[in-house]
Amino acid sequence: MAWQEEVRVQDRQIDLSAKVARVKRRTRPWKSIIALVLAIAAAVISREAAVPYSRALWTESHQIHQLVRYGTAVLFAIFGSIATYGLAGKSRELLEPKAGTSHSAVVRYAILLLGAFTTLVITLNLFAVPVAQLIVAGGLTSVFVGIAAQQALGNVFAGLVLLFARPFVVGEAIRLRAGALGGTLDGTVTEIGITYVRLDTGGSVMAIPNSQVLNAVIGPIPASEGNGSPAPAVADGKSGTPGGPEQPQPGPPGPV
């Protein structure tokens, strides 16, 4: 009887953990929305504190103005980051059952990048940092970084093309043919990522850069080969050996 009671206690704990996880999933979007509202309120207060002292809203000393201004700017950065991270994760959870893992990951990354850039620009503006000069400097830096990371960026853009063009889907058995791959490569697609496509070749899982996949000839594996039967061999018509060198043919018999 003691072990039955222990099993019941463990089942109750598992049920409680599952209920807590469901509650967290339900409250997560509200946390992000509340953080977004607080971030907007902090930005408004920080901007209001930066106006001249003649405004009736602020009548305290200069030190209090500066404290409120920079304190709310820091709060905006914190709440903005929390809202961006939470909304990006929630968008991935909502899109993954309908659009798939790859497309939902792209949406999540796009929201993260856009939210992080917006939060950074507004935070710098609240701190009275010349954003225009930073944007120009950032543009020049992006050019140099893009030149130095052409291959990585090429894989990222090739991954976006593969995600939207959809020449294959996860779980499909395909054949890739390209000189960069050393000929042909057969396997089952297990993942379509931002930079790599992963193929299960039967013995191992290979990660192939998206740029090479995009430049390869893509097609299904022939049914005869997929069933395990050997592919028909092509003979050269002279020696009878598939692909073998030409052999001298016997001449007609001479006079006896």
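**View 1. The exposed side of helix α5 in this predicted model.** Welcome to a close-up of α5, where Gln150, Phe157, Phe164 and Ala165 are exposed, on the other side of the helix from its buried residues. The helix runs over residues 150–165, 16 residues in total. From first C-alpha to last, α5 reaches 22 Å, close to the 22 Å expected at 1.5 Å a residue. Just after the helix comes Arg166, and its phi is positive, near 55 degrees.

**View 2. The buried side of helix α5.** Here you can find Asn155, Ala158, Gly159, Leu162 and Leu163, which are buried. These residues lie on the same side of α5 because they cover an arc of only 140 degrees around the axis.

**View 3. A nonpolar patch on the surface.** Trp30, Ile33, Ile34, Leu36, Val37, Leu38, Ile40, Val44 and Leu87 together make this patch of about 830 Å². Helix α1, spanning residues 2–49, gives the largest share of the patch, with 8 residues. One patch member to look for is Val44, which is found in helix α1. Its relative accessible area is 51%, so Val44 counts as exposed, the cut-off being over 50%.

**View 4. Ser32, a buried residue of helix α1.** Our last stop is Ser32, which also has its place in helix α1. Ser32 counts as buried because its relative accessibility is 3%, and the cut-off for buried is under 20%. Leaving aside residues up to four places away in sequence, Ser32 touches Ala83, Gly86 and Leu87. Leu87 is also one of the residues that make the nonpolar patch of View 3.

Methods:
Residues are numbered from 1 along each chain as its sequence is written. This is a predicted model: local features need pLDDT of at least 70, side-chain atom pairs count only at pLDDT 80 or more; totals for chains, interfaces and linings use all residues. Side-chain values use heavy atoms; hydrogens and water are left out. Helices (H or I, at least four residues) and strands (E, at least two) are DSSP runs, numbered from the N terminus. The expected span of a helix is 1.5 Å times one less than its number of residues. Buried means under 20% relative accessible area, exposed over 50%, partly exposed in between (1.4 Å probe, protein chains only). The arc is that of the directions from the helix axis to the C-beta atoms. Patches are made of residues with over 30% relative accessible area and no salt bridge: like charges are joined within 9 Å, nonpolar side chains (Val, Leu, Ile, Met, Phe, Trp, Tyr) within 5 Å. Accessible areas come from the Shrake-Rupley method with a 1.4 Å probe; for residues, only the protein chains shown count as cover. A salt bridge is a side-chain nitrogen of Lys or Arg within 4 Å of a carboxyl oxygen of Asp or Glu. Contact means heavy atoms within 4.5 Å.
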